[in-house]
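Please open the model in your viewer and keep the selection panel at hand. The stops below take you from one pair of side chains to another, and then out to the wider surface.

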Amino acid sequence: MSKASFGFGAVLGALVGTAAAYLFAPQSGEEFQDEMRLKAKEVKKKAIIRMDEAVMETEIWLDQKMTEQDIRNEPVKYERTPDNVAPAPSYTESPDIFIED
């Protein structure tokens, strides 16, 4: 069975199931649609709440890991010493820069 035929069968099955539920529902079409809208809104609200909770839990977990392992590196402090500073260039000829007075 190819992926395309499986996908087509899944879509076709969903459409047939929706049509059967619509035809055999004990409510009118408008009542059924209103109920489906309410259920969809409830599912959306629950999904948003769960996503927010997951994000908060992830932030808490990450903060704990960062404090446990101290992932944050302190900045490196450099001190100018003759060992780590390049010497000034010495020119045998004048540089190619012309300064106008």
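## A tour by selection

Begin by selecting Glu35 and Lys39, whose side chains meet in a salt bridge with an N to O distance of 3.2 Å; bear in mind, as you inspect such contacts, that this is a predicted model. If you then extend the selection along the backbone, you will find that both Glu35 and Lys39 belong to helix α2, where they are 4 residues apart, or about one turn of the helix. Colouring by accessibility is useful at this stop, since Glu35 is partly exposed at a relative accessible area of 27%, and Lys39 is likewise partly exposed, its value being 44%.

Next, select Asp34 and Arg37, which form another salt bridge, with 2.9 Å between the closest N and O atoms. Why are Asp34 and Arg37 about one helical turn apart? The two residues are separated by about one helical turn because they stand 3 residues apart in helix α2, which covers residues 29-69. Asp34 has a relative accessibility of 41% and therefore counts as partly exposed, the class between the buried limit of 20% and the exposed limit of 50%. Arg37, with a relative accessible area of 47%, is partly exposed as well. How many salt bridges does the count give for this model? The count comes to 2 salt bridges.

Now move to helix α1, which spans residues 3-24, and select Phe8 within it. Is Phe8 buried or exposed? Its relative accessible area of 58% makes Phe8 exposed, given that the class of exposed residues begins over 50%. Add Leu12 and Val16 to the selection, and you will have the residues that, together with Phe8, make a nonpolar surface patch of about 310 Å².

Finally, clear the selection and show the whole protein, first as a cartoon and then as a surface. In the cartoon, the protein has 2 helices and 0 strands. Switching to the surface, you are looking at an accessible area of about 10,400 Å², of which 61% belongs to carbon and sulfur atoms. If you colour by burial instead, 2% of the 101 residues of the protein count as buried, where buried means a relative accessible area under 20%.

Terms used:
Residues numbered from 1 in each chain as written. Predicted model: local features only at pLDDT ≥ 70, side-chain atom pairs only at ≥ 80, totals over all residues. Heavy atoms only, no water. Salt bridge = Lys/Arg side-chain N within 4 Å of Asp/Glu carboxyl O. Buried < 20%, exposed > 50% of the residue type's maximum accessible area, 1.4 Å probe, protein only. Areas by Shrake-Rupley, 256 points an atom, 1.4 Å probe, with all protein chains shown as cover. Patch = residues over 30% accessible without salt bridge, like charges linked within 9 Å, V, L, I, M, F, W, Y side chains within 5 Å.
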